[in-house]
Structure formats: C-alpha cells, structure tokens
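Me: Could you take a close look at the aromatic side chains in this one for me? I'd like the ring geometry, with the cut-offs spelled out.

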Amino acid sequence: MNVIDHVRDMAAAGLHSNVRIMSSLLLTMSNNNPELFSPSQKYQLLVYHADAIFHDKEYRNAACKYNMALQQKKVLSKTSKVRPSTGGTASSIQSQSLPSEIEVKYKIAECYTILKLDKDAIAVLDGIPSRQRTPKINMMLANLYRKAGQERSAVTSYKEVLRQCPLALDAIIGLLSLSVKGAEVASMTMDVIQSIPNLDWLSAWIKAYAFIHAGDNHRAINTICSLEKKSLLRDNVDLLVSLADVYFRAGDTKNSILKFEQAQMLDPYLIKGMDVYGYLMAREGHLEDVEVLGGRLFNISDQHAEPWVISGCHSFYSKRYSRALYLGAKAIQLNSNSVQALLLKGAALRNMGRVQEAIIHFREAMRLAPCRLDCYEGLIDCYLASNGIREAMGMANNIYKTLGANAQTLTILATVCLEDPVTQEKAKTLLDKALAQRPDYTKAVVKKAELLSREQKYEEGIALLRNALANQSDCVLHRMLGDFLVAVNDYQEAMDQYSIALSLDPNDQKSLEGMQKMEKEESPADATVELDGDDMEGSGEDGDLEGSDSEAAQWADQEQWFGMQ
C-alpha cells in the first residue's frame, strides 16, 4: 500500500482537512522531483486535493485545482498512448481505480454554478459527449439551460434525465414549467407506474403540476386536494406546500395560510414556501408573528433565501424600505431564482421612487413565474406610478387574454381602467363580473368600493362591504367601511370599524388617521381647552419635542446602518 492509497482512503473516510494537508505536501514533493510519482498518481493527488478544497467551500480555488487535474489527465493519456503497458490487465485495473474525468468536470461545473458563472458551467458540461452524461449532469445542464433561456436544450436534457430515471419528479416539474404537455410527460413514466405497485397516484400528481404551470389554479386545487385526501398521501408536507401555494396564486389568502400552517406543524424545520407564508402574514398585519417566523428560520439555515425574504417583508410592511431592499438583495444573492425575493426588492424600489429599477425586477419575476399574477400586478403598479397608462393597459389586456376571464384578471384590468375617466364604466362592468364569479375576492371588493366612493354612492358601498365582511375579516375592508359610515354621519359604528381594523393591523396608518380625525371633530371644545392649558403651562412642551427629535435621530441612524449593509 503506497502513500497515494493512504490519501485515497482518508478521502473516502471524509477526513478532508487531513487530505488537504497531506496532498499539498505530496504535490510540492512531486513538483520538486517529477520522478517521485507517476502521472496517474499525480492526477489522483490533484483530484483529492481539489475535493478537500471544495469541501472547504473555496470554489474558485477548487475549480483551478480540478482544471489542473484535467491537464494532468491529458498528459497521462498521451503517455499511455506513447508507451502502452505490457501488463494489459494491471493497466486496466489502475485506470478503473483513477477518479472519473467526467466526475471532475461535473465538480468544475458545480464550482462555476456556485460562483454564478453559468456560461462557464454550461461550456464545461457541453464538452462531455452526450453518451457519457450521467443523470445528474443532464439535470444540472437542464437547469442551467432553462435559466439561460435555452428552452429547447433544457427540454432535451430533462427528457434524458427521465429516460434514465423515470421517477425524477423535479425533472418532471422542469418539463411542465417549459410548457411540455402533461400527457407527454406522463407517457414517459407509464411503464414504471404500471410495473411498480402503489404508484397509481403519480399520474394525478403529474396532472396537478401540469395545471399549476398552465395557470389553471382551480383544477390544480381540486386535483391536489383529491391526492392529499388519499390515505397513503395524507399529511404529505410537499403536497400541502404546493396546495398552499396554489391557493395563494388563486387569491385565496385564508386557505393558503391554513395549509402553510398545517405543513409547518407537520415539519417544524420546513423552509420551502415559507417566504410566501411570511409575505401573506405580513400583508395581513401579523408583523410580530412574521418576526418570530423569520428568527426561527434563521436558526434553521441562513443559507436559504426564505428567512431573508421573511425579514424583508417585516421591514417592508413596517415601512422601512431601505432595510427591505437590502434583505431582498441578500435573498437574491443566495437564490437568483427566488420569485418572492425579486418581488420584495421590486416593491421596495418602487416605494422608494426608483421605478425603472423596480420594473427590471418585476420583469425577471415574470420570466421565472409566468403564471403568478402578483408579478404582473407589480409591473402594472410601476407603469401607473410613472404615468404609463398605455403600457399598463397593454399588460393588463395581455394577462386577460392569456389567462382567461377569472376574478383576478378581471380585477387587474379594472384597476387600470379606473385610472382613466374614459374607461371607468368599463371598470365597473369588469368588477361586477369579477364579483359575480367570486363575491369574497377582496381586491375586487376594494376596487368596487373605491369606484362607489368616487360616485358618492355610500349606501351601496356600505352594503357591498358588509356583504364581503360577513364571511371574512379584513383590515382594509373594515377601514373602508369606517370611511363610508363617516360619509353618512354614522360616527359611532365608524369608530367601531376603525377599531376592528387596527386590532387586525396595528400599523394601519389610514385607520389611525380616520379615528383621530373623528375624535377631533367630536370634541373640538376639549381640544381648545387642552391647547389653552398647554399654552399657560409653557414649560414641558419644548422638552418633549427635544426628546422626540433625539429618538427620531436614533432611528434614522439605525435606518442608515441597515441601508449600508
């Protein structure tokens, strides 16, 4: 047993730090005395040394060492051709024990992918002949092709993965996301479904994800629910997360949160999908719960985008936009395919007045998730913020034609129509159609209430909002009902509605302003007396103002620090 065998055994045993030190010393010896090790032994040493560096997460250095190993392998190939071994069997055994050149190229591609050098990774893997590509090489290639927009090549690679491994479900999702028909994908797994017992659910599983990627949320929900109710798949966390996500896409916040909570109870270490859950919770005003969720996920892993997005949503809905921007950027750095991170960063940029930068992020989110309407909504909001009504109308019409006339697409189109006095009647028709389909769709109710407020049809608005609140409790709806009640001089119930809105979202500034305005109007005499009293005192007010300025300065310093991170 020679020294190279000892290094190989240490590598197999996972003693990476030991391998790194020993292989470094042996390689230095080899450089000073080239006759000390054979070309094949030096190749082995370089690969083991690169593997140890890769384990230490020094990916640029590892890629360099792997490339040196490949150069050494070329030297080895040339010498073996020039001087063929007389002991054919011994030579064959030695070549079989050498680290695989294909595996080395895969490791180089892995390094490049981690370093976000996708073009270099594709170039390395493209250099491997098709017949020599393993399933994991084809899977990596497929993902890289899809990210680069090379859809045809991605489809070919995903299909090759399925040809070799027909139960590679992530490859199936990849094909469906590239608009390959569900029936075609299912046909590639039919043999294995028929030959293995208890796999009859797989056809329905493929059908469900085909509906998801076609944007048919209603049929996707029905299919996943039927799967989830089957005794063998009941309480499967992945199915519950998928179901929660489809409810979210369909605009059903209540059921989405319910399913996310159910999945989280089954798996306390769940990370996947928690960014959407955190966003929904923040949007509903449950900021304390969002803060707890973010902290818990950071304890599980800070190398995933999800905890950073959750913390970013907490900052965004606390109106700390620079902090939200930083956290969104950090999440994208960890996962450039995180749609929720792109939406968070886009929303923060939009609210900071950097509309053109926001548009870039919303467009990228649209590219990654063409069936998620919130990506389009973000882009339309940007167009409207920059007075680009024509662009917004074009986008809204395109969504309406592509995804069909459902409550969400009708509401999006109506939202744009409301911006132009000429198309307000059309907006009313669209909203009525949306509410006929889904009377509980909050966004449609809000837009219809806004339209009725403009027309000063307060009684009709009150009836609409009461009807919507009969089956749900929503901060915005309660606040709007308060506004309508003020308009008809029903101050007591208006105060009650503002109080309910603030109990649901203590940070809702508009509800607070409405309540404060009513309090001033109800007791102007008391306010005058208090003001006169303050004027007579004359002493404490300046001190209070100084304290407020000092406190504001401290928060400003913190915001500046967060923004610089």
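Reply: Here's a walk through the ring pairs, then the charges over rings, and last the annotated repeats. Quick housekeeping: this is a predicted model, so local features need pLDDT of at least 70 and side-chain atom pairs count only at pLDDT 80 or more, while totals for chains, interfaces and linings use all residues. Residues are numbered from 1 along each chain as its sequence is written, and side-chain values use heavy atoms, with hydrogens and water left out.

The structure holds 9 aromatic pairs. Rings of Phe, Tyr and Trp (its six-membered ring) pair if their centres lie within 6.5 Å; planes under 30 degrees apart are stacked, over 60 edge-to-face, and the rest tilted. One of the pairs is Trp205 with Tyr209: the ring centres are 4.4 Å apart and the planes sit at 40°, so this one is tilted. Both residues belong to helix α13 (residues 201-214), 4 residues apart, or about one turn of the helix; helices here are DSSP runs (H or I, at least four residues; strands are E, at least two), numbered from the N terminus. Trp205 is buried at 9% relative accessibility, and Tyr209 is buried at 9% too (buried is under 20% relative accessible area, exposed over 50%, partly exposed in between, with a 1.4 Å probe and protein chains only).

Now for Phe298 and Trp308: their ring centres are 4.9 Å apart with planes at 90°, so that pair is edge-to-face. It links distant parts of the chain, with Phe298 in helix α18 (residues 287-300) and Trp308 in helix α19 (residues 305-317), 10 residues apart. Phe298 is partly exposed at 27%, whereas Trp308 is buried at 14%. There's also one aromatic cluster made up of Phe248, Tyr279, Phe316, Tyr317 and Tyr321.

On to charges over rings, which call for NZ of Lys or CZ of Arg within 6 Å of the ring centre and within 35 degrees of the ring normal. Lys136 lies over the face of Tyr106, 4.4 Å from the ring centre. The charged end of Lys73 sits over Tyr43, at 5.9 Å from its ring centre.

As for the repeats, an unreviewed UniProt entry places "repeat: TPR" at residues 237-270, 339-372 and 475-508; UniProt positions follow the numbering used here, feature names are shortened, and annotations may be inferred rather than shown by experiment. Over residues 237-270 the chain is 79% helix and 0% strand, with the end C-alpha atoms 9 Å apart. Residues 339-372 likewise come out at 79% helix and 0% strand, with end C-alpha atoms 9 Å apart.
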